[in-house]
Amino acid sequence: MSYINLPFQKINISEMSNYIDKDGKLNSVLNLCGFLLCKKGWVKVRLNESTYVIREGDMYIYAPSAFINIVAWSDDLEGIAFKSTLDYILPFIERATSQRTILNIRSKPCITLNAEQQRSIEELANLIDRKVHIYQQAEEKSNQRKFMKRELECLSEALISEMFLYYVSNESLEPDSSSHKDKIIQTFVTSLFKNYKREREVQFYAEQQCLTPRYFSSIVKERTGRTALAWISEMVISSACQMLAYSDLTVKEIALEMNFPTQTFFGKYFKQYVNCSPLQYRQRHKSAEQDAEPA
């Protein structure tokens with residue numbers, strides 16, 4: 001179903017083959033985020049260097065800047081998936097969740113819901129589906145469509161809230177304090193998702209909040225256990241590795257995508273953190289894929 005003029009889309013995962021290419025890669029997910037709730041069967045996905053088997057009752061959240069490789073799925077797979085743009089999700093994340101939640105999702109994207117939580121997600125998703133159908137039947141530019149679009153936006157926010165609520169409660173994450181330092185981290189994490197392809201210097205993120213790079217870095221290290229530069233480089237390298245592993249872009253095209261001035265400069269930056277060239281990384285990944293046992 002085409003979600004005309006809406007910032008989100010529901011995917012029927014029983015039609016998985018319609019959304020992946022011949023190599024099992026989900027298409028165009030670098031700037032998208034969303035979730036997948038498995039209702040029946042199983043699906044095996046690979047993100048970065050980790051592999052997850054999502055079974056009945058599991059919810060998998062994929063963060064922005066991710067290529068997801070669908071390794072295999074069962075014939076009886078059923079479930080619900082929603083995807084949305086980063087620009088749509090980020091302002092809501094800023095209001096609804098904490099930097100700890102965002103960082104935790106990147107390292108642990110899969111949780112298991114209980115029956116009540118699963119039912120709640122399904123009911124909201126089905127309600128959105130019905131409202132979208134009515135919305136699409138309404139006359140364009142009519143008052144009905146205008147109000148229904150706002151209603152759908154509210155319902156999608158409710159769905160996102162429900163998803164984060166269950167993630168935080170199931171992972172037993174304590175709420176962050178609302179101190180000035182915590183707000184600095186929150187702003188940094190949000191800005192990092194938006195700007196890491198263009199800005200790789202700590203100074204840029206510090207100046208956004210009118211702080212010196214040294215003081216800003218000390219706060220990031222104190223609150224997260226890692227330096228600001230480590231978070232920035234992790235985002236850049238993670239995205240570059242995924243493009244090398246799961247896309248057909250050339251190394252030069254990836255360098256341009258990541259806003260490096262030259263392919264050579266990108267190669268030096270990449271080798272500094274990965275200890276091999278981008279081309280070597282791609283070749284090693286392909287060799288590992290070929291040597292891996294079938295699912």
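N259 lies in the loop between helix 9 and helix 10 of this predicted model. Its phi is near 60°, a positive value in a residue other than glycine. Most residues other than glycine have a negative phi. N259 counts as partly exposed because its relative accessibility is 39%, between the cut-offs of 20% and 50%. C210 also has a phi near 60°, again a positive value in a residue other than glycine. This residue is found in the loop between helix 6 and helix 7. The relative accessible area of C210 is 73%, so C210 is exposed.

The protein chain as a whole has 11 helices and eight strands. Buried residues make up 49% of its 295 residues. Contacts between residues at least 6 apart in sequence were also examined. Of these, 74% join residues at least 24 apart.

Confidence varies along the chain. The mean pLDDT is 80, and 76% of the residues reach 70 or more. Confidence is lowest in helix 1 (residues 86-96), where the mean is 63. Helix 6 (residues 202-208) has the highest value, at 96. Where pLDDT is low, the predicted coordinates should not be read in detail.

Two helices were checked for their span. Helix 4 (residues 143-170) has 28 residues, which should span 40 Å at 1.5 Å a residue. Its end C-alpha atoms are 41 Å apart, so the span agrees with that expectation. The buried residues of helix 4 include R145, M148, L152, L159 and F164. One of these, R145, has its charged end over the ring of Y135, 4.4 Å from the ring centre. Helix 5 (residues 180-195) has 16 residues. It reaches 22 Å from its first C-alpha to its last, close to the 22 Å expected at 1.5 Å a residue. Among the buried residues of helix 5 are D182, I184, F188, L192 and N195.

F188 and L192 also appear in the largest nonpolar core, which has 36 residues. Together with F216, F266 and F270, they are the residues with the most contacts inside this core. Helix 5, helix 6, helix 7 (213-224), helix 8 (228-246), helix 9 (251-257) and helix 10 each supply at least two of the core residues. Helix 8 gives the most, with 12 residues. L192 is in contact with Y205, W231, I232 and M235, leaving aside its neighbours within four places in sequence. Another core lies apart from the largest one. This second core has 25 residues, among them I80, I105, I128 and L159.

Aromatic rings were searched for across the whole structure, and 11 aromatic pairs were found. In one of them, the rings of Y269 and Y273 have their centres 5.1 Å apart. Their planes are at 50°, so the pair is tilted. Both residues lie in helix 10 (residues 263-274). They are four residues apart, about one turn of the helix. Y269 counts as buried because its relative accessibility is 11%, under the 20% cut-off. Y273 has a relative accessibility of 34%, so it counts as partly exposed.

A second pair joins F270 and Y281. Their ring centres are 5.8 Å apart and their planes are at 75°, so this pair is edge-to-face. F270 lies in helix 10 and Y281 in helix 11 (residues 278-291), so the pair ties together parts that are 11 residues apart in sequence. Both F270 and Y281 are buried. The four residues of these pairs belong to one aromatic cluster, formed by F260, F265, F266, Y269, F270, Y273 and Y281.

Y269 has further partners. Not counting residues up to four places away in sequence, Y269 touches R200, S233, V236, I237 and F260. The charged end of R200 sits over the ring of Y269, 5.8 Å from its centre. I237 is 32 residues from Y269 in sequence. In space, the two residues are 8.9 Å apart, C-alpha to C-alpha.

Note on methods:
Residues numbered from 1 in each chain as written. Predicted model: local features only at pLDDT ≥ 70, side-chain atom pairs only at ≥ 80, totals over all residues. Heavy atoms only, no water. Phe/Tyr/Trp six-rings, centres within 6.5 Å; stacked < 30°, edge-to-face > 60°. Buried < 20%, exposed > 50% of the residue type's maximum accessible area, 1.4 Å probe, protein only. Lys NZ or Arg CZ within 6 Å of the ring centre and 35° of its normal. Expected span 1.5 Å × (residues − 1). pLDDT = per-residue confidence, 0-100. Core = buried A, V, L, I, M, F, W, Y, C linked by side-chain atoms within 4.5 Å. Contact = heavy atoms within 4.5 Å.
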